[in-house]
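Reader: I would like to go through this model with you, one question at a time, and hear the reasoning behind each reply.

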Amino acid sequence: MTKFEQEIVKILQEDGRASYKQIAEMLSAGEDKVKAAVEKLEKDGVILKYSAIVADDEFFGDTVQALIEVKVSPMKEKGYDEIAGYVSGFDEVKSLYLMSGAYDLAIFIEAKNLREVARFVSEKLSLINSVQSVATHFILKKYKLSGTTIGAEKERLLIQP
Amino acid sequence: MNYDELINPVVAQLPQSGIRRFFELANEIEDCISLGVGEPDFVTPWYIRDSAVKSVVAGKTQYTSNAGLLQLREMIAKYLDYRFSLSYEPKDEMIVTIGASEAIDLAMRTFISPGDEVIIPDPSYVSYVPNVRLVGGVPVPVKTKVEDDFTLTPQALESAVTPKSKILILPYPNNPTGAIMTAEQLAALVPVIRKHNLIVVSDEIYAELTYEGKHVSIASFEGMKERTVLISGFSKAFAMTGWRVGYVCAPKDVIRQMYKIHQYTIMCAPTASQYAAYEAIKGGFEEDFSSVSEMREAYDKRRRFLVAQFNSMGLDCFTPRGAFYVFPSVKRFYPTGDEFAEKLLYGESVAVVPGGAFGAEGKGHVRCSYAYSLKSLKKACEKIRAFTENLPDNK
């Protein structure tokens, strides 16, 4: 990745709504050049998508979010990729990571209610042959998302010399 | 009780800062978007905060030596050498102060007798003039012009010198203009400074925030260290404004005199803050100051964005190469920055600082800080654009 592309990604990570023109101004580059670079980044899958990061509990209502730790036995020749590919196919799985340490897969899921989480674990996850154990942790409260502390108002004066 | 006859007339006659009045106006506006703040929007890096906590937990709560922790002074010396090729002896050429602010005051008190003149580039940071007045000195503003990129030219300096001139304040990178002085521009001042036997008080608090090139200190020129009082601190480079730690470096015969004032009035900079400052530089060396570079790069993007935005709105903008301010002229719309800022505040709830607060030469400008997130800057620009689009063109 070029330095220019990296700079663009950094800007979009902070603000996905920055326009080509604004990015061009920030980097003192041509708008066309920025547009071409962003399109390439999207096409190459460097930028997966643009989304809003929502902090408001009211929005989520009764939705339940959980982290599920899963121990699996890796498959011969395919390692973890096959099972990971299979698990990511479920709609309720929002993020999926391969981890080092005490367990292998970390699954972040979002479901309408508790029962749905239970069903996901008992009827989907635990039926997979290579799954050895599952531990489900419900998310109780969010304090910081994507680098932004929720509700943290900076006590800054409006005007200073 | 009538205090009027009791208060020191020098203090009584100090004008309220132009910023103060505006601050009060802005505070009444609900959901005000401000570009008015002169401090980093970054929080002090975690490792620095942590070191201060640990120092307190470990019970390091007493005074330090008056000049500041020796280990901190050694670190500052190493830092100045590595970053700016300056060589200062930690033992007797340096005092750790309560921010650069104390250092400015120390410099004035140490050199100025009543009637001595202090040459100050105009516009500049608001506290130089009052500091000079408080010790009975005479501030002599010297106009810096947008045509000269707001630098101090040897001609302008020469024309401001009188037999009473004693100090030249050299505040670059500059608040509010964002101007810097290049090595060539500084070199041109050296003969004038030496000819008139001036002391230079070089306020380099924004040195780390220099874009397109590297900061050069006047003290690094031949024959200049002996007549330079170098002032800097941690507030801007390490996002540590609230910790109040700065430092002053000067020849030891000068430091010896300053030390007395510091000792009698301050004792020492806050101990926890000194431990934090020590860790700021130590940690900086461990990562080759990459946190500082990251901050600078973030500011740089915002700088380019704001300059492009303002120019496209008809707010003529000199391209600043230091600090975190843009200083556009508002003359196309209003004769003064005061009017522009007030109308903008009431019209669109955006606060910028009228340039007149920084000296007579700033009157036709406003100072906008880009120590804000891109999101806030975008929002502010939208509002300022809406505001200017509805204004009649004064030209």
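Reader: Is B:Glu212 buried or exposed?

Author: This is a predicted model, and what follows is computed from it. B:Glu212 sits in the loop that links strand 6 and strand 7 of chain B, and it has a positive phi of about 55° although it is not a glycine. A residue is called exposed if 12 or fewer other C-beta atoms lie within 10 Å of its own. B:Glu212 has 10 other C-beta atoms within 10 Å, so it is exposed.

Reader: How does B:Arg244 count, with its C-beta neighbours inside 10 Å?

Author: B:Arg244 belongs to the loop between strand 7 and strand 8 of chain B, and its phi, near 55°, is a positive value in a residue other than glycine. The class between buried, at 20 or more neighbours, and exposed, at 12 or fewer, is partly exposed. Because B:Arg244 has 19 C-beta neighbours inside 10 Å, it counts as partly exposed.

Reader: What is the order of the strands in the open sheet of chain B?

Author: The sheet is open, has seven strands and shows mixed pairing. Strand 2 (94–97) and strand 4 (138–143) of chain B each have a single partner strand, so they stand at the edges, with one side of each left without a neighbour in the sheet. Neighbouring strands are turned by 20° against each other on average, direction ignored. The order is 2-8-7-6-5-3-4.

Reader: Which residue of strand 8 of chain B is the bridge partner of B:Ile95?

Author: Strand 8 of chain B runs antiparallel to strand 2 of chain B, and four bridges join the two. Both faces of strand 8 of chain B are covered, with B:Gly246 and B:Val248 buried on one side and B:Tyr247 and B:Cys249 buried on the other. The bridge partner of B:Ile95 in that strand is B:Val248.

Reader: Which residue of strand 8 of chain B stands opposite B:Leu230?

Author: Strand 7 of chain B pairs in the parallel sense with strand 6 of chain B over four bridges, and in strand 7 of chain B the bridge partner of B:Ser202 is B:Leu230. With strand 8 of chain B, strand 7 of chain B runs antiparallel, again over four bridges. In strand 8 of chain B, the residue opposite B:Leu230 is B:Cys249.

Reader: At about what angle does helix 9 of chain B run to strand 2 of chain B?

Author: Helix 9 of chain B spans residues 252–265 and lies across strand 2, strand 7 and strand 8 of chain B. Its angle to strand 2 of chain B is about 30°.

Reader: Where in chain B is B:Pro173, which follows B:Tyr172 through a cis peptide bond?

Author: The bond from B:Tyr172 to B:Pro173 is cis, with omega near -5°. The bond from B:Asn175 to B:Pro176 is cis as well, with omega near 20°, and B:Pro176 lies in the loop between strand 5 and helix 8 of chain B. The place of B:Pro173 is likewise the loop between strand 5 (165–170) and helix 8 (183–195) of chain B.

Reader: Which element supplies the largest share of the side of domain 1 of chain B that touches domain 2 of chain B?

Author: Chain B is divided into domain 1 (9–43 + 290–388) and domain 2 (48–286), whose C-alpha centres lie 25 Å apart. The contact takes 32 residues from domain 1 of chain B and 34 residues from domain 2 of chain B. Helix 11 (290–313) and strand 9 (325–326) of chain B each supply at least two residues of the domain 1 side. The largest share, six residues, comes from helix 11 of chain B.

Reader: Why are the buried residues of helix 6 of chain A on the same side of that helix, and over what arc around the axis?

Author: In helix 6 (residues 114–125) of chain A, the residues A:Val117, A:Phe120, A:Val121 and A:Leu125 are buried. What covers them includes strand 1 (64–72), strand 3 (105–111) and strand 4 (131–138) of chain A, whereas the face turned away carries the exposed residues A:Arg115, A:Ser122 and A:Glu123. An α-helix has 3.6 residues a turn, so residues three or four places apart point the same way. The buried residues are on the same side of helix 6 of chain A because they cover an arc of only 90°.

Note on methods: Residues are numbered from 1 along each chain as its sequence is written. Chains are lettered from A and ligands numbered from 1 in the order in which they are written. This is a predicted model: local features need pLDDT of at least 70, side-chain atom pairs count only at pLDDT 80 or more; totals for chains, interfaces and linings use all residues. The expected span of a helix is 1.5 Å times one less than its number of residues. The arc is that of the directions from the helix axis to the C-beta atoms. Two residues are in contact if their C-beta atoms, placed from the backbone, lie within 7 Å. Two strands pair if DSSP finds at least two bridges between them. Axes are lines fitted to C-alpha atoms, for helices over the stretch in contact, and angles run from 0 to 180 degrees between N-to-C directions. Domain bounds come from an automatic or database domain assignment.
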